[in-house]
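Please examine the sequence and the model shown below. The report that follows treats a selection of local features.

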Amino acid sequence: MRTSVQELIAKSKDKKSKKIIEKLIPVLLFLIASVSVLTTIGIVLTLIIETVTFFTRVPLSEFILGTTWLPFANSGAQFGIWPLIVGTLKITGIAIVVAVPIGISAAIYLSEYASDNVRRVVKPVLEVLAGVPTIVYGFFALTFVTPVLQSFFPEIKIFNAISPGIVVGIMIIPMIASLSEDAMSSVPKSIRDGALAMGSTKFEVAWKITVPAALSGIIASVVLGLSRAIGETMIVSLAAGSTPKFDGDFTGSIQTMTAYIVQVSKGDAGYGTTIYYSIYAVGFTLFLFTMAMNILAGYMSKRFREEY
Amino acid sequence: MNTATIKTKINAAQPTSLEQVEKESVYSTRQLNLWYGNNHALKNIDLEIGENEVTAIIGPSGCGKSTYLKTLNRMVELVPSVKTSGEIHYRGRNIFDSSYGVEELRTRVGMVFQKPNPFPKSIYDNIAYGPRIHGIKNKKILDEIVEKSLRGAAIWDEVKDRLNENAYGISGGQQQRICIARTLAIEPDVILMDEPTSALDPISTLKIEELVQELKEQYSIIIVTHNMQQAARISDKTAFFLNGEVIEYDRTDTIFSNPADKRTEDYISGRFG
């Protein structure tokens, strides 16, 4: 006797194992998804616990307000975070000055002017630039950019803020260019046509229509680049030196927050020493900075969104 | 202007031009051919377009009417692999002349598109965009232009309290009138309309049609439409396009009551297309 399809379906529905699997799958998927969330929570917790331990030894006020970072002094070690923050800001500032104009110009060229053939060649090249390991950038800064800069400005020392700042900027250009180009390419053609039909030149369309319409995406790309510059470690460890300084000097050795963490991690600060705990406090400060960046990015992109 | 008139007279011998040119020609097209790659989209077009008139272009899909319209402000050249031959004279100057900048042409010839395409900016900034890029910065003058243009497009009363809102927050019909106001803001000479009501509801369509009637007092309007009743209602002259050729071009009442060509009659009476 033939059974109808409907009966077959009803039968397979009755099978117990299938029912159980159906119920297990969402649970399993939830557990897998939780791994990343739990890891994040774990990292933040470790960071917080060790940071709290640090503040039982060093007063919070000294850390936040102090302008001297002297962790290795035998007596009277000082932990004022500002020299490291200033070092980080110097690198980030130079990087942004280099990367934003070049990145956005490249994006405008690629999305508004370049022919398909040019885009087909240039975009992959940009993406290759994004794939270069940062240690290579570090050597590039130390052994190429610094000597070139020194030949123009002899007052620049071998370790300085300018050269790694420029190279960090070069490193984030592809990110800014590529993400901004995506944002600009997704502006509908009909809007451009509307502007062209009013006698706008190509550049007027790009600058007054496409860029404002894509601004939220462009800002997001810049802030993303900014957080990479803040967190960049290898280039600054190699080429910026290790002298925490609270001043406006760009030509001599400085130290960033990330470079300090590297310096302590690869040295022999024993477990449980104040110096050991200090890297968590610095790490936590770094974490606050990048989190602030992300919140800022969210706010800015909402604030400047032009809806279409 | 003189050269235009003379050329118009010479051209009067062409079969598709009107027997008498009562008004001055804004556009005269001579032997225009256009190819998309190997596709011959426009064939030997000869057409005179009169001042302060509404000229409708009708024809089945793919007959080249939108292509012709976009050729008039050279927007068609944005399509890769377009080739043209022949001449289009706008106010006596060949628009294909290398000395004639497309921006200059498009500042004189505005365009309204099939789907409303306001900029993702406030209503005010949409209207002020054109004057601003053409160098008008004075806030008072801009305010005046914005109000005048919005009134001109019969939408001032609907949006006057929300000029700073994003133009995408209003209805499609209103958006289309914003686009018309945006075009009016730089006071063009000619307005090209590419099926401006095909994405709109009947009431919005009616409003736009009434607006076209008012605008022709000051502007020359060329409108592509799929809707033959619309062409009959609002235009003074009608050109019938078929397979890239102008089959017939005459007064709208003549075209619709007494067409000279069998194919025109067939199309108008709904036998094809």
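The sections below describe a strand and its partners, salt bridges, a cavity and a polar contact.

## Basis of the report

The structure is a predicted model. Every feature described here is accordingly a feature of that predicted model.

## Strand 3 of chain B

Strand 3 of chain B spans residues 54-58, and 5 of its 5 residues are buried, so the strand is largely enclosed by the rest of the structure. The burial applies to both faces of the strand. On one side lie Val54(B), Ala56(B) and Ile58(B), and on the other lie Thr55(B) and Ile57(B).

Two pairings of this strand can be described. With strand 8 of chain B (residues 220-224), strand 3 of chain B pairs in the parallel sense over 4 bridges. With strand 9 of chain B (residues 237-242), the pairing of strand 3 is likewise parallel, again over 4 bridges. Thr55(B) takes part in both: its bridge partner in strand 8 of chain B is Ile222(B), and its bridge partner in strand 9 of chain B is Lys237(B).

## A buried salt bridge beside the strand pairing

Lys237(B), the bridge partner of Thr55(B) in strand 9 of chain B, also forms a salt bridge through its side chain with Glu53(B), at 2.9 Å from N to O. This pair links distant parts of the chain, with the two positions 184 residues apart in numbering. Glu53(B) belongs to the loop between strand 2 (39-50) and strand 3 of chain B, whereas Lys237(B) belongs to strand 9 of chain B. Both Glu53(B) and Lys237(B) are buried.

## Other salt bridges

Over all chains, the structure holds 23 salt bridges. One of the salt bridges joins the side chains of Glu209(B) and Arg233(B), at 2.7 Å from N to O. The pair links distant parts of the chain, 24 residues apart: Glu209(B) is in helix 8 of chain B (residues 202-215) and Arg233(B) is in helix 9 of chain B (residues 228-234). Glu209(B) has a relative accessible area of 5% and is therefore buried. In chain A, Lys123(A), Glu181(A) and Asp182(A) are joined into one network by salt bridges that share partners.

A further salt bridge is formed by the side chains of Arg132(B) and Asp125(B), at 3.0 Å from N to O. Arg132(B) is partly exposed, with a relative accessible area of 33%. Asp125(B) is also partly exposed, with a relative accessible area of 26%.

## The second largest cavity

The structure holds 2 cavities of 30 Å³ or more. The second largest cavity encloses about 30 Å³ of space. Its lining consists of Thr88(A), Ile91(A), Ala229(A), Ile230(A), Glu232(A), Val236(A), Thr256(A) and Thr258(A).

By class, this lining has 4 nonpolar, 3 polar and 1 charged residues. Helix 4 (82-113) and helix 10 (215-231) of chain A each supply at least two residues of the lining.

## A polar contact in chain A

Thr51(A) is located in helix 2 of chain A, which covers residues 16-57. At 5% relative accessibility, Thr51(A) counts as buried. A polar atom of the side chain of Thr51(A) lies 3.4 Å from the backbone oxygen of Tyr280(A).

Definitions and conventions. Residues numbered from 1 in each chain as written. Chains lettered and ligands numbered in written order. Predicted model: local features only at pLDDT ≥ 70, side-chain atom pairs only at ≥ 80, totals over all residues. Heavy atoms only, no water. Buried < 20%, exposed > 50% of the residue type's maximum accessible area, 1.4 Å probe, protein only. Pairing = 2+ DSSP bridges. 1 Å grid on protein atoms, 1.4 Å probe; cavity = no way out; pocket = protein on both sides within 12 Å on 5 of 7 lines; lining within 4 Å. Points joined across faces, edges and corners; volume = space filled by probe spheres on them. Nonpolar A, V, L, I, M, F, W, Y, C, P; charged D, E, K, R; others polar. Salt bridge = Lys/Arg side-chain N within 4 Å of Asp/Glu carboxyl O. Polar contact = N/O pair within 3.5 Å; in protein donor to acceptor, adjacent residues only side chain to side chain.
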